[in-house]
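Trainee: Could we sit down with this one and talk through its charged side chains?
Mentor: Gladly, let's have a look together.

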Amino acid sequence: MLIAFVGNLDAGSKIRMSLGPEFHLIDLPKSSWKERVNEYQRLIIEDKFLDSLSISEFEVGQASVNWDSKQIPELLKSYGKPEFDPLLNATGKKYFFLQRKKVF
């Protein structure tokens, strides 16, 4: 399965490794990704790029939230407590999986 990726290349490498060999993740260049996005049916995109894309053509789901390394001490202190999820969502970098809607 072919998936285009827009975001931090280090995160893209981690995602690529965790997807396994049946997936092929293509890094789109940050400078020209918008021109190439129509070539793909599936995307994984970093939250900061999501607003610049017309998502009405896609089904959108949150794929992951990466811990902010500066927040690790606070995240570890709150792990397993009710404040963990709100802290992670407020400080973490989010990635979304987009799949193009089928046109009938």
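## Salt bridges and a buried lysine

Mentor: The count of salt bridges here comes to six. Keep in mind that this is a predicted model.

Trainee: Which residues are joined into one network by salt bridges that share partners?
Mentor: Start with Glu46, whose side chain meets that of Lys48 in a salt bridge (4.0 Å, N to O). Glu46 also forms a salt bridge with Lys93, with the closest N and O atoms 3.5 Å apart. Glu46 lies in strand S3 and Lys93 in strand S5, so this pair ties together parts that are 47 residues apart in sequence. Through shared partners, the network joins Glu46, Lys48 and Lys93.

Trainee: Is Glu46 buried or exposed, and what is its relative accessible area?
Mentor: Its salt-bridge partners make a nice backdrop: Lys48 is exposed at 56% relative accessible area, and Lys93 counts as partly exposed at 32%. Buried means under 20%. Glu46 is buried, and its relative accessible area is 2%.

Trainee: With which side chain does the side chain of Glu46 make a polar contact?
Mentor: Glu46 sits in strand S3 (residues 42–46). Leaving out residues up to four places away in sequence, Glu46 touches Val6, Gly7, Asn8, Lys93, Lys94 and Tyr95. The polar contact, at 3.5 Å, is with the side chain of Tyr95.

Trainee: Lys94 is buried yet has no salt bridge, so which side chain of opposite charge is nearest?
Mentor: Lys94 belongs to strand S5 (residues 93–100). Its contacts beyond four places in sequence include Glu46, Gln62 and Asp47. A salt bridge needs the nitrogen within 4 Å of a carboxyl oxygen, and the nearest side chain of opposite charge is 4.8 Å away: Asp47.

Trainee: Which residue's backbone oxygen lies 2.4 Å from a polar atom of the Lys94 side chain?
Mentor: Look through the contacts of Lys94 again, which also include Ser64, Val65 and Asn89. The backbone oxygen in question belongs to Asn89.

Trainee: How far apart are the closest N and O atoms in the salt bridge of Glu57 with Arg100?
Mentor: Glu57 lies in the loop between helix H3 (47–50) and strand S4 (58–66) and Arg100 in strand S5, so the pair ties together parts that are 43 residues apart in sequence. Glu57 counts as partly exposed at 34% relative accessibility, whereas Arg100 counts as buried at 14%. The closest N and O atoms of this salt bridge are apart by 2.6 Å.

Note on methods: Residues are numbered from 1 along each chain as its sequence is written. This is a predicted model: local features need pLDDT of at least 70, side-chain atom pairs count only at pLDDT 80 or more; totals for chains, interfaces and linings use all residues. Side-chain values use heavy atoms; hydrogens and water are left out. Helices (H or I, at least four residues) and strands (E, at least two) are DSSP runs, numbered from the N terminus. Buried means under 20% relative accessible area, exposed over 50%, partly exposed in between (1.4 Å probe, protein chains only). Lys and Arg count as positive and Asp and Glu as negative; His and the chain ends are not counted. A polar contact is a pair of N or O atoms within 3.5 Å; within protein, one must be able to donate a hydrogen and the other to accept it, and residues adjacent in sequence count only if both atoms are side-chain atoms. Contact means heavy atoms within 4.5 Å.
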